[in-house]
Every structure is written in C-alpha cells, then in structure tokens.
Amino acid sequence: MFIRPTAFDHPDAVKLNDQVQLEYDERYGDGGDITPLDAAMFVPPRGLYLLAYDPAGHPLATGGWRRQDADDEEYRDGDAELKRMYVTPEARGLGLARRILAALEDDARAAGRTRMVLETGTLQPEAIRLYETSGYTPCRKFGLYRFHDESRCFAKAL
C-alpha cells in the first residue's frame, strides 16, 4: 500500500468522495455531507489531500486537511480541519486510516497549524474510536453541523 498527495478533484478522489457520501446517506438518511468543499482548500500550504492505493493502483482510502482560522462557525486561529477520512469496505482493518491521519497531522504541523479538529457523528462509532485512540478529545462544536444533535467534534493539539 502506498499513500500519495492527490488533488481533491482527481477522478480517484471524486470516486471515493462519492462512496463516502453514499455511506453518510445510508447512516444518517440526509443525502450526505453538504459542507462546501473545493480543490483549492487542499492545496499546500493551506491543506493537503491524500489517497492510499493498493499495489495495482486501486484507490482504497482518502483523507485531507484544510486551513481554518477564527470565524463565526467557532473555528480557532491555527486550526487544521480534517475532512473526508474514508476507507473502502474491502480495505478496512489494514491500518490505512491511522497512516493517513498521522501523515495529515505531520503535514498540518509542518504548515504551522496548531490544532487538528474534526466533526463526525454518533452513527460512526468506528470513526470516534479511531480519533479517541489517536489522542483526540471532545471539543466545543464548530462548523456547519455544530447545532445538530448527532454531531460530535474532536480536537488534538499539534
């Protein structure tokens, strides 16, 4: 398995993004995440988007971070927001999410970000376990879903 930086609008990234949106819809019945995202948000040094591939070149996992600073959605100066962490069902259990998460944290730290933040939901217990076992702790809610009961926000100092 190998992980490489990839544009958010690359066809492989779009394919996995479509898959994660379907999974969000299956779990929450809401059509998926409507947070506005575009490829420019993940261009270094303002962010990074990663894809993991198998040896045959098939995309298996994805994740990115984007720069955030203090605003009316409760972000803080120095935040890096984790977005679109996803592992295809056939690749789950291989440690790809942890590898991508560690690489994103390292990159955000190198870019001068001081805190990694993320929003997930109560119907994603495996994601919550990943973040808690990776040193993330609950924090004040932020972002588009901060008023939703199912929303859970986490942070980790970089």
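Here are legends for a few views of this predicted model.

**View 1. The whole protein chain, from end to end.** Let's start with the overall layout: the protein chain holds 3 helices and 7 strands. Read from the N terminus, these elements follow the order β-α-β-β-β-α-β-α-β-β. The radius of gyration is 15 Å, close to the 15 Å given by the globule rule for 158 residues, so the protein chain is as compact as a globular protein of that length. If you want a box around the C-alpha trace, its spans along the principal axes are about 45 × 35 × 30 Å. As for burial, 47% of the 158 residues count as buried.

**View 2. Phe-8 in its loop.** Now zoom in on Phe-8, which sits in the loop between strand 1 (2-5) and helix 1. Is this side chain's residue, Phe-8, buried or exposed? Its relative accessible area is 12%, and because buried means under 20%, Phe-8 counts as buried. For a distance to check in your viewer, take Arg-46: this residue is 38 residues from Phe-8 along the chain, and the two C-alpha atoms are separated by 13 Å.

**View 3. A negative patch on the surface.** Which residues form the negative surface patch? Asp-25, Glu-26 and Asp-30 contribute, together with Asp-149 and Glu-150 from further along the numbering. One of these patch members, Glu-26, belongs to helix 1, which covers residues 11-28.

**View 4. Glu-26 up close.** Staying with helix 1, this view centres on Glu-26. Its relative accessibility is 69%, so Glu-26 counts as exposed, the cut-off being over 50%.

Technical notes: Residues numbered from 1 in each chain as written. Predicted model: local features only at pLDDT ≥ 70, side-chain atom pairs only at ≥ 80, totals over all residues. Heavy atoms only, no water. Patch = residues over 30% accessible without salt bridge, like charges linked within 9 Å, V, L, I, M, F, W, Y side chains within 5 Å. Areas by Shrake-Rupley, 256 points an atom, 1.4 Å probe, with all protein chains shown as cover. Salt bridge = Lys/Arg side-chain N within 4 Å of Asp/Glu carboxyl O. Lys, Arg positive; Asp, Glu negative; His and termini not counted. Charge placed at Lys NZ, Arg CZ, Asp CG, Glu CD. Helix = DSSP H or I, 4+ residues; strand = E, 2+ residues; numbered from the N terminus. Buried < 20%, exposed > 50% of the residue type's maximum accessible area, 1.4 Å probe, protein only. Rg over C-alpha atoms; globule rule 2.2 N^0.38 Å.
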